[in-house]
Structures are given as structure tokens and as C-alpha cells.
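Hi there,

Here is the structure I promised to pass on to you. Have a look at it first, and then read on for what turned up in it.

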Amino acid sequence: MDGLLFGLELSYWQASLLRVLGVLVAVILPAGGFVYVFLFKMMSFMQSRLGPMEAGPYGSIQLLAEVGKFLQKEDIVPERADRRLFFLAPYIVLASTFLLLVVMPFGPDAYFANLDTGIFLALGLSSVSVIGVLIAGWASANKYSLIGGLRAAGQLIAYELPLVLAVVGVVIQAGTLNLQGIVAAQHQGEIFGFAGIGNPFVLTQLVGFFVFLIATQAELTQPPFDMPVAESEIVTGYITEYSGLRFLLFFIGEFATAGAFAAIAATLFLGGWAVPFVELDDNVMNVAGPLVLFGKMMLVGFLIFWVRFTFPRFREDQLQAFAWKYLIPISLVNILATMVLKVAF
Amino acid sequence: MTLTEAQQLGYINAQAADGRINVELETDDGMVLNMGPQHPATHGTLRLVARLDGEQVTSADVMCGYMHRGYEKLCEVRSYPQVTTLVNRIDWLGSFANEVPFILAAEQLMEVEAPPRAMWIRTILFELSRIANVSLFIGDLALQLGAQTPAFYAFRDREFVLNQIESVTGGRFHPNFDRIGGLKDDLPKGWIAETKAAMVRLRGFCDEMEGLVYGNEIFQTRTRGVGIIPAHVAQSYGLSGANLRGSGVDWDLRRDANVGLAYDQLDWKVWTHPDGDSYSRCWVRLQEVREATKIVDQLCDGLPGGGIMAKVPRIIKVPEGEAYIATENPLGAMGYYVVSKGDTGPFRVKIRSASFNNISVASWLLRGVYVPDIITILASLYFILGDIDR
Amino acid sequence: MPKPKIPGLFTGMRITFGELIKTLFPRRGILTLIPAPSKGAVTVQYPHESESPAPRARGVIALKEENCTVCMLCSRSCPDWCIYIEGHKTKAPPRRPGGKERTVSALDRFDIDYALCMYCGICVEVCPFDALFWSPEYEYSEPRLADLLHDMDRLAEWMETVPDFEPYEAGSNAKVRKVPR
């Protein structure tokens, strides 16, 4: 948005305000959608039950009711907790989520910032949440939180590598770190010379796609990688001492991060906001693009949550072994193969 | 001037009382993690005090007793039907199984034998309570390890068994159906056919669990090789049930003890597994549920006709004597030692509960394991707090 | 060539996906593809729909006052001592003229404290005069614990919900009793 929105000339502060509001919407709405569709309904249907049905038609307002419930709870801070860090931790985790969406394109002109280091910045920003988790674990003055925080530190750092390496394959194939450029490369690519539907990188980077999804599952601390938040052992790990609004921030943050990573996966592998037969600079895509992206996010989210509800969790040494001994070598081989094939074809 | 050890301890305690140092971190054994009476993993009010070195347990103490309800004292001041009501609530998941050894002990003292139809229906309900108990175990096992979905399938499919128990006894969880000399009432019309249909559902449930939980590579990595109990250790700690059979010891009171239940007239198999780790214990329990469905099918097919109550006086006074009867309950071997002095109620009842012995091996087993393995081991040992504490 | 073994992970995912489809699309025939999760899930959406328990389900105890002779057997055999009975003896006219006057017991108070009741059924079983019956009625919860002490009239109201005794399974030689109405 270089100062033009629907033909209006906006000054810098007006554009910035719109960007702030836009990112709030872009984070909260998908988070709410994810919570309702996947956590309340899909999980329930997989378990032969109905989920919330009373709040609103088919339980659609349940999340609002839960927000209201959390807002009116007592703000309990443990006596020995480090107060400032205890208060700070959820905001750090949320900050990294909001910042992830700065580089996300929603349409040909619908983006917050068109940076040439798009995906690189996004991956770097996603690591900031590790600090928030560690702070939460230490500042809670609770042994369970401590164990959870330390597990999280090891896990989140270990799985950053497969995440980045899977993306490197995409970047090599697209030739650019810019997310708009990656969308364009997929839209204009060809599959064996057939240029009709473009070349979504999920076809050529299938291995990278799965590595990225597994690493996302681990970055979100979802089962089977939810050792930091292992509910049956350490009572929600680093989140144990948080209640009320602060817990709500972590909860929404978890689903918002899931939405953000799903959006990144959709952009990198499924073609982002672009649709096969519509031109890239068509103005319709400024309105339809976000919807298309949301649909693809739901698809990726379905995969993430389907795996989440089915599998038990790894022990953290098995988790680490899986990352270092299997995922990283596989993604390195993927990069090698991509490089060779890119040069050859 | 050097301080004596008593003086050192005094200073440390004084500083700890001030809140200036954390006395636990000062000791060499490591951080004390109190998985206290309230914890999602300990199946109830069990307290586990574990000393950790990083993520490894150096020692673990199991403290039970938070649910002690004084059963043996309660039984001293109640009559036999009232005691039957109470003992339902010891192992509350397979509750008919608690009544059976007590009633059999009282029948042995009275020298009265229940008619064959009553014995067969007792066996059917005994096996149904085993299915109800162990199918919940399988769901709960998956839940402890992180998979949220199998627990719901367990509760959903277990409803069929509970409905069958309800339609004959009136209570889903506390049947209170066994009486000295037989049973309270006979089966309602259509019950046999419904039970056989329920058994078909339960077999489908076992297949589903095998695919969803037991075949899952993550589950196998979590449970194989974890918490190995050698056979001689299992026997010396007095383990019973699937914990013993999972270590390869072929011991099943249904086959080995002759208490009158109909097992000797049926064709069934005792399942054992040689490995002795958590996976083998869980696997044995799954096979036991399958076997129990087959046993119930055979019992339903061959149910003899006749009465369900022997001739006993209206007010039952059990003659003087002592009797001990132990049966293979869902949790292990449960026994009742009944001392009677000729009254309408027992003089003393000693309850040998399976879970009390099962949990005693936990502190030996938990040395040197990781924290997540504590959960796996406790889940695979499978105890019910009401059974430990009575 | 032997069939390739599907890793257990995928079998598990297939099972949960299958349950999802079963819950969402339970209908067969023409209407198959229209989602109907309310029908496919096992949830009974109380209070919009309610389950009917088995006829023998132990929901609440009903009292037939006319049959009670104040023998106190139920009150004595209750493990919780939750039945409170008070009665008095009255004189009834003799059965035939010129005979002796009969002593008849009349029930003053028959309360069951459902906050204490264990729902064991010993009272129903020991009653020699068929005055107590089980009813599967379960919707009688009260906001206050003290309101769970139900008196004679309330217990008599529940007699209407007592179902008839069911016939027995084949092979049984038990006789079906009748509920006095």
C-alpha cells in the first residue's frame, strides 16, 4: 500500500493506522476461525461428540463467551514470581505472531510491507517467541513451569533448523526471498510445460512440505511435539501459573501462530493468494485474495490439527533425535536435490 | 570454629524459614518435584515425590492414603448386604468384581452353594466389569501419553457394557447385585441378545484401539523398553494381574483358583508377554478385553436354566469361622479375608487389594527414568486410588 | 509381491478421519452428503433431548403408603440410615362383629434423605409388604442440599413413574411380580 487504497491518497500516519488495524484483524479473525472450526468442531466430530452447541447457533459464539470468562477472572501472580518478566512473557510471544504477518501478502496490492527479505524476516521473527516461552518458564517460580520452559527451549530451537531448511528449497526453486515473488513464481510456473494451473511448490517440494509441516507442528508445541505443554505430566508446562487474561493471551497466541504458520505454508507451497486462471495483477484479487488465502490456511490447518488430535506425544529426547537425526538430513538432501534439478532444468 | 552437622542443619533451616534460600536446591539429590495429590497424571489422589537430576529421576517415593475411607472399619459395623453395597466402591470402574470374592467367602462360611445359573450370570457380570474397567484403561493410557481422541472412543464404546449392566442390575457403576446364595434378580428378556451385540461392538473397539494406539509408532517408541519388570521382581513385589502376565509369568486366578465361577467349563486363553516392559503390560490388557468378549459370548450361549437363589434364611447369620477367597479382578488379584462370629455382619474384613501391591513396585521402577517415563510407567501399572487406599 | 505395510501413523489418521466422516455424514441413501452431526455424534443434547434409562434403573425410590405397616425393616437395613420413619398405633374396628379390636399401625412420617442415599436398594429388597419400588426417574435435583429430604407425599407421587416388572429371559424360573397400582 504505497499510499493508495481504493484510489484514496493516504498520509503515512493514516496508512500506518490502517496497517495496525489490519494486522489485528488478520491475526484475530483466523485465530478465532481456527479455534471454532478445528478445536471446537473438528476435534469434537473426530471424537464422536458435538462440541459446544449452546452459545450461539451451533456454538459459534463460544469463543466470545470464553474470552468474557477469562477477562473476568482474578489475576493471580505467584508470590515468588519475577513480576515484570511474568507480565512480559505473553506479550513477547504475541509480538512475534503479529510481526510474522507483516510480510504476508494477501493480494497483489494487499500487504503490510513488501520486503525483499520476506520469508527470511518471517522465520527470524518466529524465533523471538522462544524467548517469551523461556521467560514464562523461569519467571513463574514453579518447578513444572521450569521443566516446561526448558523443554520448550530445546525443542523450539531444534526445530527451527528443519523449518528454515525446508524453506530454502522453496527459495531456490522460486529464486527469491520475497513472498510476493514466491507467489508469482508458483502462479507463472509450468508443470512439464503445461502452463495452465501454474506450479504450486507442493508438487515439486513435497518432501520440503512435509518437513515444514512437521517442523510447524513442533514450533507450535502441538502433539506429537507438545512436551513443553504436556498436559498429563506437567500441567500445561510454562503456562501453568498463568490465569485469566494472561492465559487467554497464550491461548489465542497459540492459535494465531498456527494461523500465521498455516498462512506461510499456504504461501510457500500452495500458491498463496493466487488462483490458477486469474491474472496476478487483477484488482479483483485484492478482495478475493485474502479469502483464497484463508481457504488455503484452513486446508493446512486441517492437516496440522488432524495430526494433533490423533497422535500421542514424543518424549523430548526422542523428539530431539527425530529433529537432529532425521529431519535435518532429509531437508539437506532436499536442498541438494532442488539445487541439482534447478540447474539441470 | 567448625560447625557440627546439627548446627549446619539448624542454620540451613533457619535461612529456609526466612525464605532466603531454597533448601531443596542445596541438597545433593537434586530438585524435588512433588507430583502431588492433585495431578492430572496420577489417576486420583496419589502423591509421588520425585527427586530429579535435570530430567532424570534419581529417586521416587510413592505416598498413598489420601483417599483412605476406612473400609475395613466400616465393614465391622454393617451387615452382609450393607457391606456388599460398600465394597462396590473400592474399585469403582469394575465394581461388580469387588462384590464377588466377598460373597464367595461368605458363602464358603455358610456352606451354601449358589445354583449354576447364578454362578454363570455372576461370571458374565464379572467379565463385563473387566471389559468396562480395562477398556477405560486403554483410553486413559492414550490420554496420559498425549493422544486425546482414543479416550473418547473408550468412553463411547464402554457405554454399551454399562447399559447392559444397568438393564440387569439397575446401576451402571454400582450394581450391588450379588447376594449370599445367588443373585438379586434374574436377567430381563432380550438381555442375552443385546449383550452379544455389545460384545461385537467391543471387539470392533479393540481393533480400533489396536490400529489407533498400539500400532502407532510414537506410542511404541514411548512404551517399548520403558519400565521393565523382570519376572522374579514382579513375583517378589506381589504384583498380580496384567502386570505379572506382562512379565511372562503365567498366573491367572480364574484358571488356577477354584472358587466356583464358570471358567473351568469354558474354552479361553491366558495371555502373557515375555518382555516385561510397559508395552507388554498394556498389550496383555488389550488381549484380555478381547478374550473377555469371547468368554461372555460363550457364557451367553451356554447359560443354564434354573433358579438364581439358593435356599437361605431371610435374615442371614453367617456361622463362626474365617475364610479367604481371592479372584482375578480387572486390576489384579483381589482377596477378602472374612472373620465371622455368627452375627448378621462380619466381625472383621481384611481386603487384599491388587493396586496396593501393584503400586509398591513403582519406587523401584522409577529410578533413573525420565520424567515422561514416570507417566508411562504409572499408566501401564494401572491402579485405581480407591483400590490402593480403600 | 507382498502388500506394503502401512505405517501405524497413517492407520491412526485414517481411523480418526473415518470417525470424522461418520459423525458428519451419518445418513445413508439420497441424503448422504448433507452433514448431520447432531445425528452422527453420540451426544444426547440434554435438556433438548433426554435419554430414557432401563426400566430397572435405580433413579428414585417410590412409596406405596397403603402397604406400609411401619415394620421399620427398611430403616434398619439402610447402610446410611437415611430413612426416617415415625408411626403410631390406632385401633381399627374388628373384622367381624363381636370380635376383638385390631391394632393397626399408621404412618406419620416417612422421609428419605436423598443427599445420603447410596441408591443401593436394600430397603426396597427387604420390604416384606411391597411398599417400596424403584423408579427410573432421575430429574429431581434441588438447588439446596436440605431440599433433598423428600417426604411421604413426594415419594407417593413417584409411584406413577414406577414401570411394570419386565418378563424374564428364557431359561429362568423366576416369577414376574406385579406392581400394586
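Let me begin with a pair of strands in chain B: S6(B) (residues 321-329) and S7(B) (residues 332-340) run antiparallel and are joined by nine bridges. Two residues make up the hairpin connection that leads from S6(B) to S7(B). If you want a spot to centre your view on, take B:Ile325, whose bridge partner in S7(B) is B:Tyr336. Please keep in mind throughout that this is a predicted model.

Chain B also has an open sheet of three strands, ordered S1-S2-S3, with antiparallel pairing. Its edges are S1(B) (31-35) and S3(B) (56-63); each has a single partner strand, so one side of each lacks a neighbour in the sheet. On average, and ignoring direction, neighbouring strands here are turned by 20° against each other. Between S1(B) and S2(B) (residues 47-53), which run antiparallel, there are five bridges. One residue to look at there is B:Asn34, which has B:Val49 of S2(B) as its bridge partner.

Which helices pack on this sheet? One of them comes from chain A: helix H6 (residues 143-174) of that chain touches S1 and S2 of chain B, and its direction makes about 110° with that of S1(B). Another is helix H16 (residues 371-381) of chain B, which touches S1, S2 and S3 of chain B and makes about 150° with the direction of S2(B).

Now for a helix pair. In chain B, H4(B) (residues 80-87) and H5(B) (residues 96-110) pack at an angle of about 155°, and their axes lie 8 Å apart. Since angles over 145 degrees count as roughly antiparallel, that is how H4(B) stands to H5(B). The crossing of H4(B) past H5(B) is right-handed. On the H4(B) side the contact is made by B:Tyr80, B:Val83, B:Thr84 and B:Val87, while H5(B) brings in B:Asn98, B:Glu99, B:Phe102, B:Ile103 and B:Ala106. Sorted by class, this contact of H4(B) with H5(B) has six nonpolar, two polar and one charged residues.

Two single residues of chain B are also worth a click. B:Ala354 sits in helix H14 (residues 354-360) of chain B. Its relative accessibility is 1%, and because buried means under 20%, B:Ala354 counts as buried. Leaving out residues up to four places away in sequence, B:Ala354 touches B:Ser240, B:Leu331, B:Gly332, B:Ala333 and B:Asp387. B:Ser240 is 114 residues away from B:Ala354 along the chain, yet their C-alpha atoms are separated by 6.7 Å.

The other residue is B:Ile192, in helix H8 (residues 191-214) of chain B. With 14% relative accessibility, B:Ile192 counts as buried too. Its contacts, again not counting residues up to four places away in sequence, are B:Leu187, B:Cys300, B:Leu303 and, from chain C, C:Glu169. The C-alpha atoms of B:Ile192 and B:Leu303 are separated by 9.4 Å, with their positions 111 residues apart along the chain.

Finally, chain C. Strands S1(C) (residues 60-63) and S4(C) (residues 132-135) pair in the antiparallel sense, over four bridges. C:Val60 stands opposite C:Ser135 of S4(C). From S4(C), C:Leu132 and C:Trp134 point one way, C:Phe133 and C:Ser135 point the other way, and all are buried.

Happy browsing, and best wishes!

Definitions and conventions
Residues are numbered from 1 along each chain as its sequence is written. Chains are lettered from A and ligands numbered from 1 in the order in which they are written. This is a predicted model: local features need pLDDT of at least 70, side-chain atom pairs count only at pLDDT 80 or more; totals for chains, interfaces and linings use all residues. Side-chain values use heavy atoms; hydrogens and water are left out. Axes are lines fitted to C-alpha atoms, for helices over the stretch in contact, and angles run from 0 to 180 degrees between N-to-C directions. Angles under 35 degrees count as roughly parallel, over 145 as roughly antiparallel, 65 to 115 as roughly perpendicular and the rest as oblique. A crossing is left-handed if the near helix is turned anticlockwise from the far one by less than a right angle, and right-handed if clockwise. Contact means heavy atoms within 4.5 Å. Ala, Val, Leu, Ile, Met, Phe, Trp, Tyr, Cys and Pro count as nonpolar, Asp, Glu, Lys and Arg as charged, and the others, Gly among them, as polar. Buried means under 20% relative accessible area, exposed over 50%, partly exposed in between (1.4 Å probe, protein chains only). Two strands pair if DSSP finds at least two bridges between them.
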